[in-house]
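Reader: I am new to this structure. Can you show me how to read it, one feature after another?

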Amino acid sequence: DSFKGTMSSSRIIAVMKAQILKYWPECQIVSIPVADGGEGSVDSFLTALGGEKISIRTQGPWGEEIDSFYGLLPDNTAVIEMAASAGLPLVGDRKDPSKTTTYGVGELILDAAKKGAGRIVIGLGGSATNDAGCGAAAACGVTFLDREGKSFVPTGATLDRIASIDLSTMDESVRKLEITAMCDIDNPFYGPSGAAAVYGPQKGADEEMVSFLDERMKKLSSLVESQLGIDLQAIPGSGAAGGMGGGMKAFFNARLQMGIDTVLDVTGFDDLARGADWIFTGEGKIDSQSLRGKVVIGVARKAKRLGVPVIAVVGDIADDIDAAYDEGVTGIFSINRVAVPYKEARLRAESDMALTMDNIVRFIKSVKGE
């Protein structure tokens, strides 16, 4: 994974590779840059697997026309970042999750389907919205009717106006798709740990708006359960990205999966890693959140089944991470060699990564008697 604020995944890989090849010039190295579903996910998949970046015009979070994109991999899997059409940076100072929309995300899905994608992987991260994915569903043809029988595109503020949902009008090319939503949180749809309460404030919602949005999420959840037979509140991660996690399940029949598991599946990790001597992985900080199944642990779990040792090279190591060893991690090393605060450490992160890798590889060579 990237070390946020310091090095990208690709840069870390390049530094690691240089140190390994210094001691083993003929070593075969397979590189898999990883992103967690937010910004950079498309580029990570394209770097790892090849493919094409598709540029199109879509609606932005305020309904304005913007330049957006998605990735199309060689096997016809489309990779979408919802943040590319509904991300927080796109709203600037106009933060208002009661009015912003995911409609543009649906346009990305529809375009990929029309171009013949057989599968879609969509990253749920960095959203400026709280419309439960209704905008995206509407863009793909799902009909939302109010009590007077008029169709409309719901936003966070108008979820309570939905009287009925008609999935039969969804575009046929989208209906046929296999969709996986990358989701690294397990928040429920509504309530104290739900979409509005936990993530609404960073999108511009004050206490009053959080309560307002949460009430509408609750009403939508009840409607979806009565009309579609899906209990959104019971699905871990349904509150991701302003309820987009729940919307992806309810409207698109998507599978919600941890981001790292999706990346490893799509890149064919098991086949690539089988027979490897070592796996090096890492993230900015390994802590209790990592143990839920982020990059290092996701890699370690798969590697453990393959019998390949895993070395985690990270920016920082928190207390109480011993469970990582049970999951398959062989050793954990911090690149913060001189034990300085992050503000100082980030300025020397690349050289410290190189020195740490040099140290590890020297040790491995010594143990192997080379």
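Author: Start with the inside. The largest cavity has a volume of about 40 Å³. Keep in mind that this is a predicted model.

Reader: How many cavities of 30 Å³ or more does the structure hold?

Author: One.

Reader: Which residues line the largest cavity?

Author: Read a lining as a list of residues around the space. Here the list is P33, V34, A35, S41, S44, F45, V263 and T267. Helix α2, residues 41–49, gives the largest share, with three residues.

Reader: How does that lining divide into nonpolar, polar and charged residues?

Author: Five are nonpolar and three are polar. No charged residue is in the lining of the largest cavity.

Reader: Where does helix α2 lie?

Author: For a helix on a sheet, look for the strands under it and then for the angle. Helix α2 lies across β1, β2, β3 (77–81), β4 (119–123) and β7 (178–182). Its direction runs at about 150° to β3.

Reader: What is the order of the strands in the sheet with β1 and β2?

Author: Read the order across the sheet. Six strands form an open sheet, ordered β1-β2-β3-β4-β7-β8, and the pairing is mixed. β1 and β8 (255–257) have a single partner strand each, so they stand at the edges with one side lacking a neighbour in the sheet. On average, neighbouring strands here are turned by 30° against each other, direction ignored.

Reader: In which sense do β1 and β2 pair, parallel or antiparallel?

Author: Antiparallel. Eight bridges join β1 (residues 52–59) to β2 (residues 65–72). To follow the pairing, pick out partners. T58 has I66 in β2 as its bridge partner. E52 stands opposite L72 in β2.

Reader: What lies between β1 and β2?

Author: Five residues, and the two strands form a hairpin. In the turn, G63 has a positive phi of about 85°.

Reader: Which strands does helix α4 lie across?

Author: Helix α4 lies across β1, β2, β3 and β4. It runs at about 135° to β1.

Reader: Now the charged pairs. How many salt bridges does the structure hold?

Author: The count is 18. Take one of them: K114 forms a salt bridge with D171, and the closest N and O atoms are 2.9 Å apart. Next, check where each partner sits along the chain. K114 is in helix α4 (residues 103–114), while D171 is in the loop between β6 (164–166) and α6 (172–175). The two are 57 residues apart, and the pair links distant parts of the chain.

Reader: Let us move to the other sheet. What is the order of β9, β11 and β13?

Author: Again, read across. The three strands form an open sheet in the order β9-β11-β13, with parallel pairing. β9 (279–281) and β13 (329–334) each have a single partner strand, so one side of each is left without a neighbour in the sheet. The twist from one strand to the next averages 20°.

Reader: How many bridges join β11 to β13?

Author: Five, and β11 covers residues 310–314. For one partner pair, look at A312, matched with I332 in β13.

Reader: Which helix packs on this sheet?

Author: Helix α15, residues 349–367, touches β9, β11 and β13. The direction of α15 makes about 155° with that of β11.

Conventions: Residues numbered from 1 in each chain as written. Predicted model: local features only at pLDDT ≥ 70, side-chain atom pairs only at ≥ 80, totals over all residues. Heavy atoms only, no water. Pairing = 2+ DSSP bridges. Helix = DSSP H or I, 4+ residues; strand = E, 2+ residues; numbered from the N terminus. Axes fitted to C-alpha atoms, helices over the stretch in contact; angles between N-to-C directions. Contact = heavy atoms within 4.5 Å. 1 Å grid on protein atoms, 1.4 Å probe; cavity = no way out; pocket = protein on both sides within 12 Å on 5 of 7 lines; lining within 4 Å. Points joined across faces, edges and corners; volume = space filled by probe spheres on them. Nonpolar A, V, L, I, M, F, W, Y, C, P; charged D, E, K, R; others polar. Salt bridge = Lys/Arg side-chain N within 4 Å of Asp/Glu carboxyl O.
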